[in-house]
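Visitor: I am new to this structure. Could you walk me through it, one short question at a time?

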Amino acid sequence: VVAATPSPSPRFTNYSGDAPRIVNLADVTAAEEPRMPTGLSELDRVLGGGLVPGSVVLIGGDPGIGKSTLLLQSLAHYGDIGVPTLYVSGEESAAQIALRADRLKLSRERLRLLTETDIDRVLAIAVQEKPSVLVIDSIQTVYSPALSSAPGSVAQVRESAAQLVRFAKATQTAVYLVGH
């Protein structure tokens, strides 16, 4: 029996970067990763001082506890200091998010917003926009058209999250995934 060699995913072939290589851990210089403070002291504390470029952070919890509010506040902070961001909403409309920003008295001038659920479109736009911080609100709403299962299914969440992790690592974009 001969095992088939898996071929690379055709949906993720447009990203460039250094080819992965194996290194001996003894040859790796242990240096603290530079962190991007979020502007929210308690979130920074939980994240060890802020976001690390290329990291993926899952913000989970019951609906209505403030996950979206917390991340909108953080993105407003990043916008205020000139860090490019992109907030992708699959649940709420642009108007709902604008109302939340107004209630919180957040500056909306540099808050970039996309209401989309197709993960291929989200990633194509993220490649163009080049955000340093990307929010996906929520991972249960995005889907890959390559799969026949419904958004929110285990297969869709797994595939979408995997694509976002690959994107984060390839582009050094810090990604927040919101999950319920």
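Visitor: Is Arg 121 buried, partly exposed or exposed?
Guide: This is a predicted model. Buried would need under 20% relative accessible area, and exposed over 50%. Arg 121 has 49%. That value lies in between, so Arg 121 is partly exposed.

Visitor: Which residue forms a salt bridge with Arg 121, with closest N and O atoms 3.6 Å apart?
Guide: A salt bridge needs a side-chain nitrogen within 4 Å of a carboxyl oxygen. Here the closest N and O atoms are 3.6 Å apart. The partner counts as buried, at 17% relative accessibility. The residue is Glu 116.

Visitor: Which residue is linked with Glu 116 and Arg 121 in a network of salt bridges?
Guide: Glu 116 and Arg 121 form a salt bridge. The network also includes an Asp. That residue is Asp 118.

Visitor: How many salt bridges does the structure hold?
Guide: Side chains of opposite charge can pair when their charged atoms come close. One such pair here is Glu 116 with Arg 121. In total, the structure holds seven salt bridges.

Visitor: How far apart are the closest N and O atoms of Arg 108 and Asp 102?
Guide: These two form a salt bridge. Arg 108 is partly exposed, at 43%. Asp 102 is partly exposed too, at 40%. Their closest N and O atoms are 3.1 Å apart.

Visitor: How many residues apart are Arg 112 and Glu 129?
Guide: Arg 112 forms a salt bridge with Glu 129, at 2.9 Å between the closest N and O atoms. The pair links distant parts of the chain: Arg 112 is in the loop between helix 3 and strand 3, and Glu 129 is in helix 4. They are 17 residues apart.

Visitor: Are the buried residues of helix 4 on the same side or on opposite sides?
Guide: In helix 4, Ile 119, Val 122, Leu 123 and Ala 126 are buried. They cover an arc of only 95° around the axis, so they lie on the same side.

Visitor: Which helix is among the elements that cover the buried residues of helix 4?
Guide: The cover includes strand 2, strand 3 and strand 4. A helix belongs to it as well. That is helix 5.

Visitor: In what order do the strands of the open sheet stand?
Guide: The sheet has five strands, with parallel pairing. Its edge strands are strand 1 and strand 3, since each pairs on one side only. The order is 1-5-4-2-3.

Visitor: How many bridges join strand 2 to strand 4?
Guide: The two strands run parallel. Val 88 stands opposite Ile 136 in strand 4. The number of bridges is five.

Visitor: Which residue in strand 5 stands opposite Asp 137?
Guide: Strand 4 and strand 5 pair in the parallel sense over five bridges. Opposite Asp 137, in strand 5, stands Val 178.

Visitor: Which residues of strand 4 point the other way from Val 133, Val 135 and Asp 137?
Guide: Strand 4 is mostly covered, and five of its five residues are buried. Val 133, Val 135 and Asp 137 point one way. The other way point Leu 134 and Ile 136.

Visitor: At about what angle does helix 2 run to strand 2?
Guide: Helix 2 lies across strand 1, strand 2, strand 4 and strand 5. Helix 5 packs on the sheet too, and its direction makes about 160° with that of strand 5. For helix 2 and strand 2, the angle is about 155°.

Visitor: Which element gives the largest share of the largest nonpolar core?
Guide: This core has 23 residues, and Leu 51, Leu 72, Leu 75, Tyr 78, Val 133 and Tyr 176 touch the most other members. Elements that give two or more residues include strand 1, helix 3 and strand 5. The largest share is five residues, and it comes from helix 2.

Visitor: How many residues does the other core hold?
Guide: In soluble globular proteins, nonpolar side chains tend to be buried together. Apart from the largest core lies another. Among its members are Val 122, Leu 134, Ile 139 and Leu 177. The count is 17 residues.

Notes. Residues are numbered from 1 along each chain as its sequence is written. This is a predicted model: local features need pLDDT of at least 70, side-chain atom pairs count only at pLDDT 80 or more; totals for chains, interfaces and linings use all residues. Side-chain values use heavy atoms; hydrogens and water are left out. Buried means under 20% relative accessible area, exposed over 50%, partly exposed in between (1.4 Å probe, protein chains only). Helices (H or I, at least four residues) and strands (E, at least two) are DSSP runs, numbered from the N terminus. A nonpolar core is a set of buried Ala, Val, Leu, Ile, Met, Phe, Trp, Tyr and Cys residues joined through side-chain atoms within 4.5 Å. Contact means heavy atoms within 4.5 Å. Axes are lines fitted to C-alpha atoms, for helices over the stretch in contact, and angles run from 0 to 180 degrees between N-to-C directions. The arc is that of the directions from the helix axis to the C-beta atoms.
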